[in-house]
Amino acid sequence: MDRSLFRYIWRNSKREQIAILIMVVLAQVFYFFSLSLPKTIVNDGIEGKVFKSAREVPFLRLEIALPSWLSDGKLTLFDGIYLTQWPYLVALSCLFLAFVTINGLFKKTINTQKGRMGERMLRRLRYELYDRILLFPTSHFRKVKQAELATMIKDEVEPLGGFIGDAFVQPMFLGGQAATALLFIMMQNWLLGLIVIAILAVQAFIIPRLRKRVLVLGKQRQITARALAGRIAETADGSQEIHTHGTANYERADVSDRLGTIFTVRFELYQRKFTAKFLNNLLSQVTPFLIYLIGGWFAIRGQVDPNATGWLATQGKMDVGAVVGVLLAYKDLPSPIKELIDWDQQRQDVQIKYEQVIDQFQPEGMIDPNLQALSADPAPTLSGDLVLSGVTVEDDSGTRTLDGISLTNPLQRSLAIVGAAGSGKEALGQAIARLLPTSGGSIAIGDRKLAELPESITGARLSHVGQDIYLFPLSVRENMYYGLKQRPLRAAEYQGEQARLRDHFVAESQRAGNSILDPNADWVDLQLAGATNHAQLEARLIEMLKLVELEEDIYQLGLRGRIDVERQPEEAEAILRARAELHSRLQDPALASLIEPFDRNRYSVNMSVAENLLFGTPTDRGLDIANLGANPYFQAVLARLGLADAFVAMGLRIAETMVELFADLPAGHPFFDQYSFISSEDLPQFRLMLQRLGGKGVEAVSASDRRLLAALPLHYIEPRHRLGLIDESMQHRLLEARNAFAKELPAELARKIEFYDRDHYNGASNIQDNILFGRMAFGQAGAERRVGALIAEVLDKLDLRNVVVEVGLDYNVGVAGKRLTAGQRQKLGLARALLKRPDLLIINDATAVLDGASQQRLLDNVLSANAGRGVVWVLGRPAQAQHFDRVLVMQGGKVVEEGTPKELASRNGHYAELVASG
Amino acid sequence: MNLNEEVELLKAVPLFAKVEPAKLKLLAFTSERLTFNAGQEVCHQGEAGDAMYVILGGRADVLIDKQGGGQIKVAELTRHGFFGDIAILCDVPRTATILATEHLLTLKITKDMFYRMVQEFPTMAVEMLRELGHRLEDTNKQLRAAKSAA
């Protein structure tokens with residue numbers, strides 16, 4: 001990238017810059033006309049000077065003055081329209097309006113053009129910077145902070161966009177204005193002109209010196225702010241460490257220190273800026289001071305002695321009018337000069353910013369962009385031998401983590417690499433996956449040198465799974481597909497207006513030098529996964545999940561996931577079939593005791609009072625169990641059915657019991673969270689309330705206490721809480737309330753609730769609840785496990801398990817996959833690598849977080865699934881090497897033993913020792 | 001059965017005989033009531049245990065694995081009986097299998113809960129100790145009887 005911002009701007013936008021410049025010059029012509037027009041309007045239009053000699057004068061007459069030796073000295077292009085005074089004035093006024101409009105339009109167009117050019121350049125710059133991140137060697141990411149990269153691309157280059165539009169136009173325009181004014185002054189009196197020039201020169205000399213420190217400070221401001229962004233990201237990343245080590249105050253001190261530095265820098269910047277401004281203003285006022293003094297002196301001399309002779313007298317002859325003229329001209333001068341100075345300051349500022357940023361984007365060992373070129377053809381398969389010859393890798397400190405490794409292994413022969421920690425086995429795995437740059441030697445597969453293979457081939461044909469799996473914050477499915485997206489395969493279809501917009505979008509991308517590939521195209525390479533259509537791919541995906549034993553987890557996620565009924569009507573229909581099947585099995589009394597189905601005409605004892613009354617799933621927080629009690633409609637229904645008192649009475653009973661049970665417990669005791677209706681903070685309030693009541697009944701409760709008490713029974717579930725509050729007659733009354741609530745439900749509330757309906761899928765509930773269509777009974781031993789088994793059985797019988805799994809695949813894994821467990825992340829990473837059926841699969845101790853038995857099963861599964869293709873597995877447990885064709889034992893960055901597991905085991909050497917030590 | 005009835009029931013359990021009713025009520029409130037059908041196992045010998053059970057109704061057999069397979073019934077538990085206390089006190093696997101022989105209603109007191117209660121109300125620990133002492137004495141008696149018989 002160009003070190004000079006100006007060269008960069010000129011190289012990428014010269015055509016636009018020139019076009020804008022031409023427009024600016026053109027605008028000046030109109031501007032000049034619009035300035036001279038008012039004079040004509042006043043003199044001729046209103047005062048009617050020209051009409052003193054003629055009744056009608058030509059309007060819009062176009063004449064070109066010709067040298068006198070040609071005809072009569074004038075060439076008339078347009079004779080004009082002859083008008084009397086009043087129409088002439090109207091015409092002139094309209095012309096004035098037209099000029100003003102044209103000027104405005106010019107201004108608008110120029111500004112839009114400048115803005116567009118600036119934005120385009122900003123886009124180009126950002127894209128180029130991002131592009132370079134993709135070309136960073138992976139080792140560089142250990143040294144840079146992501147947040148700093150983000151701030152640079154996002155914030156630090158932002159001011160450049162505003163400047164780029166003015167980069168060339170502004171100095172030309174302002175310089176032109178200043179030169180004109182200067183010329184005028186010179187023409188009035190060259191001595192005064194010289195003085196003005198001298199003062200400008202002083203300004204031009206002093207101000208940059210004043211600004212030197214300002215620029216240094218500006219640089220500091222940028223760096224300190226960037227470091228702060230990095231520090232904030234560190235706080236977020238290291239939040240666990242901060243809490244476990246109790247270092248929050250240390251962090252506070254650090255950030256306070258940084259903010260203090262930033263403050264100091266910024267404040268000094270202000271001081272300097274305003275000092276410079278002050279001096280600048282002072283200097284610009286010195287000039288009129290001198291003009292008054294010197295010009296005045298000349299004028300006085302001229303009046304006192306009009307016939308004076310001598311050099312000074314002849315050169316300096318000036319009248320009062322000339323002095324005023326010079327002053328006026330000078331008045332026009334400071335503004336362009338000042339703006340020019342401002343522009344120059346801005347120029348230096350953005351130049352520094354630009355250098356600051358691009359310096360961070362040129363690390364050593366950048367990847368050759370050609371390796372990332374888009375390939376039109378599918379990647380060829382890699383075959384033959386994996387050959388390493390003298391592979392050496394050095395870390396930052398110059399230590400050799402790999403020291404001259406040589407090895408030849410046919411791809412189809414599975415290879416295990418074992419060794420103690422620090423033996424270099426992980427580095428070897430990474431080097432084979434081309435994640436570590438080698439400082440010597442070479443790696444080849446067949447006759448292809450690994451270092452020269454484009455990423456379109458390595459990305460498709462190699463897979464590396466390390467201990468740290470990064471998952472994108474997308475669905476499980478999208479994360480699985482991630483390994484299949486080397487190039488767009490089927491263009492997205494755009495129609496009509498969309499197609500036009502898309503074309504425009506692409507053209508604009510092209511102008512800014514951005515990629516024109518369409519992220520909405522279908523990038524998923526079916527063939528790579530061994531599928532011919534998406535349904536097959538989905539099947540392959542589920543197969544891989546089973547292989548790494550993740551399918552059950554995804555199924556469970558699916559049960560807790562939701563279906564969008566509008567978008568997936570078939571799936572919803574299928575779940576309804578599962579519901580029917582499950583309910584038909586509830587004829588079996590052993591199962592019937594486990595689930596209490598929803599029935600509009602029966603009170604469900606396993607649901608809370610609130611759920612019983614709603615008999616549906618709230619889709620809005622306003623009808624949540626916590627807020628329902630405060631809902632006016634709900635209150636009205638209870639009051640109408642005479643239940644208000646009953647609720648207060650029940651609340652009173654609950655409050656009494658809670659105060660009795662929990663009064664002795666210290667505040668914050670875990671029992672409060674788990675069992676109490678009343679939080680430990682609220683308990684004293686209820687105790688006081690009960691004391692005030694002193695055993696009196698519901699009638700004595702005050703209005704505000706009634707509200708508090710009436711909210712308590714909403715959470716009540718009889719078999720769980722067992723206070724004996726809901727007897728059969730209460731059940732009847734609550735059923736009545738349920739029906740009344742639903743019957744006259746206002747439309748705006750109806751939208752916020754989805755009622756339970758045996759024949760309809762409930763989009764607000766998850767799949768499991770939809771299949772159950774009821775509540776698990778309290779107090780049934782092992783109910784959850786048994787119901788889970790029952791649901792699985794039903795789904796299997798109807799062949800619907802995959803419907804649920806596919807909903808599970810939509811589960812968003814969260815930032816860096818944090819919504820999955822470490823084990824699930826590892827398995828997903830492995831499944832993603834397996835899905836593309838790589839010619840060489842490198843697994844770098846990637847199963848370490850799993851227990852021994854799972855590791856073993858996974859190893860067997862992967863080896864058998866990948867049989868015939870290359871596997872290099874860096875093992876955490878040396879004993880597992882016995883399942884491989886060949887074993888490499890590493891020590892101190894060197895291969896110390898090599899052979900089949902049998903040979904090595906019998907040799908009683910390093911391998912045997914490693915196995916023995918676990 | 002509501003909470004007060006449960007408390008009455010718990011009072012009749014020897015282990016809780018001397019614990020204040022108020023504390024028993026909290027115990028009952030914070031513990032799950034579990035029903036088992038006839039033929040359902042409550043716990044299995046050798047498995048890890050994390051709860052003790054108090055029988056509120058019904059009947060269960062205490063079975064111990066015989067060497068070489070099969071089980072032998074060593075005792076029968078009925079209303080007010082309790083089991084599973086050894087596993088949560090001593091952190092050992094279940095010492096016996098409990099099989100419901102008829103509809104069995106139990107109060108399940110988790111290990112967590114049990115320790116919290118004991119910490120909250122130390123008098124309960126003393127009661128517990130006394131009860132376990134009695135049981136040890138019973139076992140010793142049986143052992144003596146068995147020895148003299150042999």
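This is a short tour of chain A, moving from the whole chain to one helix and its surroundings.

Begin with all of chain A selected, keeping in mind that the model is predicted. Shown as a cartoon, chain A displays 36 helices and 18 strands. Turn the view along the principal axes, and the C-alpha atoms can be seen to fill a box of roughly 130 × 90 × 60 Å. The radius of gyration of chain A is 42 Å, whereas a compact globule of 918 residues would have one near 29 Å.

Next, switch to a surface, where the accessible area of chain A comes to about 47100 Å², with 56% of that area belonging to carbon and sulfur atoms. If you colour by burial, 44% of the 918 residues in chain A fall in the buried class. Selecting the charged side chains picks out 103 positive and 105 negative ones, and the centres of these two sets lie 6 Å apart. As for contacts in chain A with a separation of 6 or more, 74% of them join residues 24 or more positions apart.

Now select residues 801–809 of chain A, which form helix H32, a mostly covered element in which seven of the nine residues are buried. Show the side chains of A:Val803, A:Val804, A:Val805, A:Val807 and A:Leu809, which are among the buried residues of H32(A), and then add A:Arg801 and A:Gly808, which are buried as well.

What do the buried residues of H32(A) pack against? Extend the selection to helix H30 (767–772) and helix H31 (783–797), then to helix H14 (476–481), helix H16 (534–547), helix H17 (551–559) and helix H18 (569–585) of chain A, for these are the helices that the buried residues of H32(A) pack against.

Note on methods. Residues numbered from 1 in each chain as written. Chains lettered and ligands numbered in written order. Predicted model: local features only at pLDDT ≥ 70, side-chain atom pairs only at ≥ 80, totals over all residues. Heavy atoms only, no water. Helix = DSSP H or I, 4+ residues; strand = E, 2+ residues; numbered from the N terminus. Rg over C-alpha atoms; globule rule 2.2 N^0.38 Å. Buried < 20%, exposed > 50% of the residue type's maximum accessible area, 1.4 Å probe, protein only. Contact = heavy atoms within 4.5 Å. Areas by Shrake-Rupley, 256 points an atom, 1.4 Å probe, with all protein chains shown as cover. Lys, Arg positive; Asp, Glu negative; His and termini not counted. Charge placed at Lys NZ, Arg CZ, Asp CG, Glu CD.
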